[in-house]
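Subject: Structure handover

Hello,

The sequence and structure are below. My notes on what turned up follow straight after.

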Amino acid sequence: MADHMATRNLTPRGQDRRRQLMDFAARRFAANGYHPTSVAEIVSGMGVGKGVFYWYFSSKEELLIEILQGALYELRKRQELAIGDESDPVRRIELGIRASLEWISQARHLSTLFQFAATEERFAPTIRRGQQVAVADTARHVREAIEQGRIQSGDPLVLTHAILGVTNHLARVYILEAGESADRVGDTAVDFCLYGLLGVSAAATA
């Protein structure tokens, strides 16, 4: 959270207005690009003055960082809610994959901003921190599955990056670009990440 926001408590109405500004700006950034979209365009589209914008955000850059941080938090909460108190680590991996793809499908504009931010020096650190959290979360499930003998031994971090790499690539190509459903892409991602190219029966006889 930005320093100037941390020292001031917002009323419920102020919190709502701030969220509205963030949502409106996020959609404009995703549709028209971050650089071409000005603060003037954002406040004009919202029907407010620039003073309102600068009451909540010190700059357009801070606004995007806040949007990214909020989106990463929402994604993680979606995953946590989907996993719940599931005791099976392999099932938790599946639930996490499906929850991630469902969120991406429902928040396509935010996923577009993730892709943009990852290429910009000012915003890439926020994306990297989010990726580090995702790796740590998934690696815990992978390590537990290995310890229980549910999946074959291997480097948990390598396996985690493989899972996230497959999931994110399928999301970009088939959900964001091709418009496929999250359920269909989720089936493919889960089948591949959990069973691989050979499938369960072939792997069991190897």
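Helix H8 gives the largest share of the lining of the largest pocket, with 12 residues. Note that this is a predicted model. The pocket has a volume of about 1200 Å³. Its lining counts 41 residues, and the closest to the centre are Leu 75, Gln 79, Gly 130, Ala 134 and Asn 168. Five helices each supply at least two lining residues: H5 (60-83), H6 (89-106), H7 (108-117), H8 (124-147) and H9 (156-177). By class, the lining splits into 17 nonpolar, 16 polar and eight charged residues.

Now the overall fold. The protein has 11 helices and zero strands. Read from the N terminus, every element in the run is therefore an α, given that helices and strands are the elements assigned. The C-alpha atoms fill a box of roughly 70 × 35 × 30 Å along the principal axes. Of the 206 residues, 39% are buried.

Next, helix H2, which covers residues 12-32. Does its length fit the expected rise, or depart from it? With 21 residues at 1.5 Å a residue, H2 should span 30 Å. Its end C-alpha atoms are 30 Å apart, so the two values agree. The buried residues of H2 are Gly 14, Arg 18, Leu 21, Met 22, Phe 24, Ala 25, Ala 26 and Phe 29. Gly 33 follows the helix, and its phi is positive, near 100°.

Ala 25, one of those buried residues of H2, has a partner far along the chain. That partner is Leu 64: the two are 39 residues apart in sequence, and their C-alpha atoms are 8.2 Å apart in space. Leu 64 sits in helix H5. Its relative accessibility is 1%, so Leu 64 counts as buried.

Gly 47 makes a useful contrast. Gly 47 lies in the loop between helix H3 (39-46) and helix H4 (50-56). Is it buried or exposed? Gly 47 is exposed, because its relative accessible area is 65% and the cut-off for exposed is over 50%. Gly 47 and Glu 86 are also 39 residues apart along the chain, but 46 Å separates their C-alpha atoms.

One further contact across the sequence involves Ile 163, in helix H9. Ile 163 has 10% relative accessibility, so this residue counts as buried; the cut-off is under 20%. Ile 163 and Cys 193 are 30 residues apart in sequence, and the C-alpha to C-alpha distance is 5.8 Å.

Last, the aromatic rings. How many aromatic pairs are there? The count comes to seven. One of them joins Phe 53 and Phe 57, with 5.7 Å centre to centre and 45° between the planes. That pair is tilted. Phe 53 and Phe 57 are both buried.

Ring pairs also link Phe 29, Tyr 34, Phe 116 and Phe 123 into a cluster. Phe 29 is among the buried residues of H2. Tyr 34 has a charged neighbour as well: Lys 60 lies over the face of its ring, at 4.3 Å from the ring centre.

Best wishes

Conventions
Residues numbered from 1 in each chain as written. Predicted model: local features only at pLDDT ≥ 70, side-chain atom pairs only at ≥ 80, totals over all residues. Heavy atoms only, no water. 1 Å grid on protein atoms, 1.4 Å probe; cavity = no way out; pocket = protein on both sides within 12 Å on 5 of 7 lines; lining within 4 Å. Points joined across faces, edges and corners; volume = space filled by probe spheres on them. Helix = DSSP H or I, 4+ residues; strand = E, 2+ residues; numbered from the N terminus. Nonpolar A, V, L, I, M, F, W, Y, C, P; charged D, E, K, R; others polar. Phe/Tyr/Trp six-rings, centres within 6.5 Å; stacked < 30°, edge-to-face > 60°. Buried < 20%, exposed > 50% of the residue type's maximum accessible area, 1.4 Å probe, protein only. Lys NZ or Arg CZ within 6 Å of the ring centre and 35° of its normal. Expected span 1.5 Å × (residues − 1).
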